[in-house]
Amino acid sequence: MKIVVKKGDSLSSIAQRLIKNYGLKNTYENREIVMGELKNKNSNLQEKQLIKCGWTLLSLSQNEIKQICNN
């Protein structure tokens with residue numbers, strides 16, 4: 001699955017959207033975990049680098065997110 005970055009998106013907002021879409025708790029810890037996994041899947045993401053509108057990022061599957069998030 002891929003995500004196209006929209007204007008105003010941040011890595012945190014993308015992680016939050018994924019967590020909410022899969023019905024999991026939107027906690028700070030879950031967002032941090034998902035953001036870390038998104039960085040691992042997307043080599044173009046560097047620490048503290050802003051993402052750019054129009055970029056296409058590899059996403060996490062529902063199963064991946066459910067396995068890594070603390071509920």
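This report covers the fold, the nonpolar core, the charged pairs and a few single residues of a predicted model.

## Overall fold

The protein contains 3 helices and 2 strands. Along the sequence they follow the pattern β-α-α-β-α. The C-alpha atoms fill a box of roughly 30 × 20 × 20 Å, taken along the principal axes. For 71 residues, a compact globule would have a radius of gyration near 11 Å. The protein has 11 Å, which agrees.

Buried residues make up 32% of the 71 residues. Contacts reach across the chain. Of those with a separation of 6 or more, 58% join residues 24 or more positions apart.

## The nonpolar core

In soluble globular proteins, nonpolar side chains tend to be buried together. Here the largest nonpolar core holds 18 residues. Ile14, Leu18, Leu24, Val34, Leu38, Ile65 and Cys69 touch the most other members. Helices α1 (11-21) and α2 each supply at least two residues of this core. The largest share, 5 residues, comes from α1.

Leucine 38 shows how the packing works across the sequence. Residues up to four places away are not counted here. Leucine 38 then touches Leu11, Ile14, Leu18, Leu45, Leu58, Ser59 and Leu60. Two of these contacts, Ile14 and Leu18, are also on the list of core residues that touch the most other members.

## Cysteines

How many disulfides does a search of the whole structure find? The search finds 0. A disulfide is a covalent bond between the sulfur atoms of two cysteines. Cysteine 53 counts as exposed, at 56% relative accessibility. Cysteine 69 counts as buried, at 8%. Cysteine 69 is also one of the core residues that touch the most other members.

## Salt bridges

A search of the whole structure finds 2 salt bridges. Aspartate 9 pairs with arginine 17. Glutamate 64 pairs with lysine 41. In each case the N to O distance is 3.3 Å.

The second pair links two helices. Glutamate 64 lies in helix α3 (residues 62-68) and lysine 41 in helix α2, so the pair ties together parts that are 23 residues apart in sequence.

The table gives the accessibility of the four partners.

| Residue | Partner | Relative accessible area | Class |
|---|---|---|---|
| Aspartate 9 | Arginine 17 | 15% | buried |
| Arginine 17 | Aspartate 9 | 34% | partly exposed |
| Glutamate 64 | Lysine 41 | 29% | partly exposed |
| Lysine 41 | Glutamate 64 | 33% | partly exposed |

Aspartate 9 is buried, while arginine 17 is partly exposed. In the other pair, glutamate 64 is partly exposed, and lysine 41 is partly exposed too.

## Arginine 31: a charge without a partner

Arginine 31 lies in helix α2 (residues 28-41). Which side chain of opposite charge is nearest to arginine 31? That is glutamate 32, at 6.5 Å. A salt bridge needs a nitrogen and a carboxyl oxygen within 4 Å, so a pair must meet that cut-off to count. Arginine 31 is buried yet has no salt bridge.

What does arginine 31 contact instead? Leaving aside neighbours within four places in sequence, arginine 31 is in contact with Ser12, Ala15, Gln16, Ile19 and Asn26.

## Two further helix residues

Isoleucine 33 is found in helix α2. Is isoleucine 33 buried or partly exposed? At 27% relative accessibility, isoleucine 33 counts as partly exposed. The cut-off for buried is under 20%, so a value of 27% falls outside that class. Beyond neighbours within four places in sequence, isoleucine 33 is in contact with Ile68 and Asn70. Leucine 57 is 24 residues from isoleucine 33 along the chain, and their C-alpha atoms are separated by 16 Å.

Lysine 66 has its place in helix α3. Lysine 66 is partly exposed, with a relative accessible area of 42%. Not counting residues up to four places away in sequence, lysine 66 touches Tyr22 and Leu24. Leu24 is among the core residues that touch the most other members. Lysine 41, the salt-bridge partner of glutamate 64, is 25 residues from lysine 66 along the chain. The C-alpha atoms of lysine 66 and lysine 41 are separated by 16 Å.

Definitions and conventions
Residues numbered from 1 in each chain as written. Predicted model: local features only at pLDDT ≥ 70, side-chain atom pairs only at ≥ 80, totals over all residues. Heavy atoms only, no water. Helix = DSSP H or I, 4+ residues; strand = E, 2+ residues; numbered from the N terminus. Buried < 20%, exposed > 50% of the residue type's maximum accessible area, 1.4 Å probe, protein only. Lys, Arg positive; Asp, Glu negative; His and termini not counted. Contact = heavy atoms within 4.5 Å. Core = buried A, V, L, I, M, F, W, Y, C linked by side-chain atoms within 4.5 Å. Disulfide = S-S within 2.5 Å. Rg over C-alpha atoms; globule rule 2.2 N^0.38 Å.
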